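Colleague: Could you take a close look at a single part of this model, the surface patches on one helix, and set out the criteria as you go?

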Amino acid sequence: MLVLQNFLRGWRGGQSKLVLASLALAVAVVTSVAFLADRVEKALIDESTAFLAADLVLESNSLIEPRLSAKAREMELQTSAMMTFVSMVYSNDEMHLASVRAIDERYPLRGELSYSMFPFSADSSAVKVAESGPPSGETWVDARILPLLKIGLGDYLEFGDIKLRVSRVLIEEPDSRGSFSFYGARILINIDDVAPAGVILEGSRVKYKLLIALRDDLNPTLLSNYREWLAERLTIHQRIIDPEMAEASIADSIDKGRKFLLLSGSVGLVLSAIALALASHQFAVDEVMQVGLFKSWGLSRGRIRRFYLVYGLVIALVGATVGICIGAAVQEILVLLLSEWLPITLPRAGLMPLLIGLGTGLFCVIGFMLPAIWHLPNLPPMTVLRKDLLVHSVARAYRGVIGMLTIALLLVWYSENLLLSASILTGLLVIAMAVAVIGLILFRLSKWFSKFLGGSWRLAFANLWRRRDQNLIQLFGFSSAIALLLTMAVVRTSLIDNWKLQLDEDTPNHFLINVAPYELTGAEALIKEYSLDTAGWYSMVRGRLREFNGEEITAERREKHESLRRELNLSWAQNLPTGNSIVAGRWWGPSSEILDSADVPVSIETDLADELGLSLGDRLTFSIGGLNFEATIASTRSLSWDNMTPNFYFLFPEGVLEEFPRTYMTSLRIPPVKKLILNDLLRSYPTIQVIELDRIIERIEKIVVQITRGVEVMTSIILICGVLVMFSAISLSMSERFHESAILRTIGSSRRLLLSIQLIEFTSLGITAGFLASLGAEIAIAMVQWLLFDSAWAFHSWIWIAGPTAGGLLIGTLGTAYSRQSTTRAPLEMLRKL
Amino acid sequence: MIHVSNVSKKVMVLNAELTILESLSLKVETGESLAVIGPSGSGKSTLLGLMAGLDVPSTGTVHIAGINITEMSEESRASVRSEHVGFVFQSFHLLQSLTALENVSLPLELKNSSKPESTANHYLKRVGLKDRMHHYPRQLSGGEQQRVALARAFACRPNILFADEPTGNLDIVTGEAINNLLFELNREEGTTLVIVTHEQSLASLCSRQLHLKSGQNFTPVEEMKVKC
Ligand SMILES: Nc1ncnc2c1ncn2[C@@H]1O[C@H](COP(=O)(O)OP(=O)(O)O)[C@@H](O)[C@H]1O
Ligand SMILES: [Mg+2]
């Protein structure tokens with residue numbers, strides 16, 4: 001009660017305002033961004049479940065036993081059955097090898113099935129979302145099958161023994177992966193029509209799928225329980241597909257956005273933690289007199305300790321409450337900005353954010369405030385009579401270690417990302433060390449240098465050394481704030497630039513594949529006619545994997561890996577394609593070297609290599625057009641999915657695949673108004689396959705625009721945190737500065753002199769801080785870019801100019817403005833205040 | 001009330017021992033007022049701290065109200081202070097975040113006395129600050145601040161009141177007023193008073209005076225001038 005009163009009084013007096021503000025900000029950052037990150041995570045999973053059309057898919061090469069789906073329904077999960085296979089479809093004179101998807105009325109469990117009544121329409125408003133797929137007797141088809149079969153909507157096509165009415169144009173099924181499909185045009189039919197059609201014969205290659213989804217109101221453990229149950233009963237013909245296998249390019253964008261939110265949240269958290277530590281330090285200094293009084297009144301050490309423990313608790317409580325409110329507001333803003341993309345989830349149970357907020361508040365108080373005030377109960381009672389008594393606070397080194405540990409724990413707990421935490425911590429540690437070493441040297445130099453100066457310069461430069469203890473703390477505060485802000489600025493810019501690049505007006509949104517050599521000039525001419533540009537033609541050879549290290553691939557193994565069952569695209573390149581990077585081994589040198597050697601090298605995509613258990617030096621035998629072709633793995637590569645250019649799992653040196661029949665592929669940007677080119681193209685060259693990515697790209701664009709907005713909101717929060725740190729640091733030295741100014745004023749110094757001393761001191765501190773910050777930022781950025789965003793490190797020369805400039809300007813102005821009142825008030829009034 | 005016998009105080013300063021007080025003995029009887037006079041740096045504050053139990057002597061003993069505080073733990077000394085001792089300081093030591101009223105009632109609250117507010121109210125009226133109760137220290141003049149400090153000290157009804165240069169920060173006229181108030185209150189409450197000062201006018205109001213000489217000078221008991 002007394003503590004509470006005292007707290008309120010303290011608030012009025014302003015002692016705890018900074019402590020509270022920083023604590024509240026820390027809690028706000030944790031609650032708002034953590035929960036946002038959570039929602040983004042959810043959105044990410046939703047996005048990927050949409051790509052599965054379910055939460056979980058069981059894929060099988062043989063009929064799925066009914067008990068598997070029965071069990072799912074028994075566990076109140078939703079199920080849908082699906083078959084995919086390739087089958088001939090006919091019209092009067094034409095035929096086409098279509099890729100058929102047979103679905104039941106519950107499909108899709110997740111995501112949207114869209115159709116249109118207008119083939120090749122450029123009008124996106126013509127696209128409608130269907131509740132369920134075609135009923136028995138009908139089929140929805142890929143628009144391009146219409147010119148191929150020379151039919152229109154409402155006509156019939158022959159499918160085995162039955163006829164199906166073509167009722168709608170199929171635009172997009174959620175699980176039609178945007179990746180390569182070398183089957184023909186897609187048609188969607190009802191699963192009940194499969195048996196009557198009699199198209200499935202002994203030995204037909206059919207993929208059976210069981211789609212599983214969890215009703216939103218049910219407990220997610222149901223799903224994981226079922227998954228476990230299912231996993232124990234899998235045959236070698238079956239595998240489970242999880243939502244993590246989302247469309248790579250979208251997942252990548254979202255993932256980077258999510259990481260950025262996480263990074264900015266972490267930076268905000270660290271900044272407010274530093275502000276809190278600084279404010280606590282000042283708080284402890286301010287409390288010395290009060291504790292001396294308590295002592296002189298005979299309060300026991302235990303009593304004083306309890307007093308401050310409860311005080312800390314009250315601060316934690318109030319700070320957390322305020323923080324939770326701010327956090328909730330910020331979260332609402334963020335959710336509003338991201339609403340088009342984030343799923344509208346019901347608010348979480350009210351208790352969780354509260355607990356996390358309170359936990360953070362308490363943890364911060366324990367880690368930053370308690371060490372700062374720990375010594376207060378042990379102050380010698382004589383402090384009331386003698387101001388100069390040595391105050392044995394917890395040694396600064398210990399407090400530094402405790403503070404860093406607390407920051408580390410907070411970071412890891414909050415971000416659940418060791419790499420991110422390590423990057424930020426390394427940056428901070430480098431700054432701490434640089435401050436201790438370089439800062440001290442600079443202060444010493446300035447002291448020496450002051451001898452050659454006059455007037456305010458001399459006093460200011462001498463002050464830097466005289467007040468070095470305080471200045472070092474301030475310097476650390478300033479540098480870490482500037483460094484973290486710089487880090488954010490760089491990562492944000494590079495991220496947004498990256499997205500812009502990716503969503504450039506010219507980003508290809510269609511792939512043309514399977515273009516025969518003799519079709520090339522014709523296709524090229526047609527594209528020119530529509531004044532479109534391709535991203536260049538890639539040639540490739542189709543082949544299957546046959547042997548690993550001279551041993552025939554077993555049927556069992558083929559069942560397991562889809563890539564062993566289908567034809568692969570083998571291409572070649574002299575130079576490593578952009579966006580590819582070597583993971584292991586080495587890229588080949590000049591072609592002459594390779595042609596001479598007996599071994600043909602091949603470079604394989606790293607994930608595929610892992611999946612197949614292949615490593616450098618393994619010999620692969622491909623079967624290409626009936627001929628065997630041997631190559632040795634010379635390198636593994638990772639691919640970049642965000643530039644929408646063709647990617648190849650297998651790359652060979654130029655020249656080695658010369659004798660095999662090749663086809664061409666390209667990617668190009670087709671704006672909506674020119675989509676009719678596909679009709680012309682397919683009419684002239686029916687065997688060309690088109691992959692339409694425009695809808696996926698639209699989706700990415702929408703997501704990116706929204707994430708970018710979220711990023712901006714976060715950036716402003718971080719800015720506030722940064723300013724708070726600077727403010728806390730500046731106020732550290734204020735009472736001393738007031739005192740000195742008052743004395744200087746009494747002896748008749750002009751206001752101008754006083755102001756210029758402050759200006760020179762703070763500006764020098766700011767410039768030094770900016771310089772040290774650039775060092776820390778460069779390291780943190782390098783680590784973040786490398787560890788978190790997989791992008792290359794670059795030296796940022798502008799940082800080294802921006803850091804010191806911004807530091808000097810900002811801290812010089814802020815500090816001088818803050819200490820202005822010390823020069824305007826009457827000196828006596830100033831002295832009495834102290 | 002206070003019995004200081006053969007007390008010396010030495011401190012380590014830069015690895016050298018500095019003797020502040022040496023072999024000092026004195027007695028302060030209940031209800032008496034003692035002025036400790038001496039130039040700056042002569043050890044007045046140090047002696048005050050020892051007598052009040054804020055610090056312990058290097059050798060010798062100090063008794064407060066018959067209790068030997070030299071052999072006690074700091075915690076037990078605290079409880080002795082809490083029971084018997086009050087302070088007035090040169091620089092007032094008011095808590096800036098509290099109003100005058102709150103400054104006075106805070107120690108009462110900490111000592112769990114009944115009705116701290118009304119007691120504080122009473123004493124503030126007594127020192128003539130009826131209209132300034134809800135003002136903050138920074139809104140008060142130096143003299144007014146010291147009045148608040150006096151009210152705070154007397155409100156706890158200590159047996160012994162220690163004042164370390166209570167008028168050192170005030171101008172002469174204001175200082176006089178504070179001195180008078182201090183002694184008036186002292187008479188009303190029957191408090192034992194120990195005042196450190198270098199002002200003769202204040203010292204002369206006390207029943208006894210103790211002169212400390214500058215430096216580490218040994219100050220024998222005999223030197224104490226006793227006034228009626
Ligand atoms: N804890 C201490 N450490 C170092 N020097 C001290 C300490 N306490 C007192 N002194 C020194 O002892 C001398 C007497 O101090 P003090 O009692 O404050 O004198 P006064 O109050 O008479 O001005 C001063 O020179 C002071 O610097
Ligand atoms: Mg003194």
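Modeller:
**Surface patches and helix α11**

A:Val437, A:Ile441, A:Leu442, A:Leu445, A:Trp448, A:Phe449 and A:Phe452 make a nonpolar surface patch of about 690 Å², where a patch is built from residues with over 30% relative accessible area and no salt bridge, nonpolar side chains (Val, Leu, Ile, Met, Phe, Trp, Tyr) being joined within 5 Å and like charges within 9 Å. Accessible areas come from the Shrake-Rupley method with a 1.4 Å probe, and for residues only the protein chains shown count as cover; a salt bridge is a side-chain nitrogen of Lys or Arg within 4 Å of a carboxyl oxygen of Asp or Glu.

This is a predicted model, in which local features need pLDDT of at least 70 and side-chain atom pairs count only at pLDDT 80 or more, while totals for chains, interfaces and linings use all residues. Residues are numbered from 1 along each chain as its sequence is written, chains are lettered from A and ligands numbered from 1 in the order in which they are written, and side-chain values use heavy atoms, with hydrogens and water left out.

Of the nonpolar patch, A:Val437 lies in helix α11 of chain A, a helix being a DSSP run (H or I, at least four residues) numbered from the N terminus. Helix α11 covers residues 418-450 and also holds A:Arg444, which gathers with A:Lys447, A:Lys451 and A:Arg458 in a surface patch of positive charge; Lys and Arg count as positive, and Asp and Glu as negative, with His and the chain ends not counted, and each charge is placed at NZ of Lys, CZ of Arg, CG of Asp or CD of Glu. A:Arg444 counts as partly exposed because its relative accessibility is 42%, between the limits for buried (under 20%) and exposed (over 50%).

Elsewhere in chain A, A:Val515 is in strand β12, residues 510-515, a strand being a DSSP run of E with at least two residues, and A:Val515 counts as buried because its relative accessibility is 0%. The C-alpha atoms of A:Val515 and A:Thr687 are separated by 7.4 Å, although these residues are 172 residues apart along the chain.

Technical notes
Buried means under 20% relative accessible area, exposed over 50%, partly exposed in between (1.4 Å probe, protein chains only).
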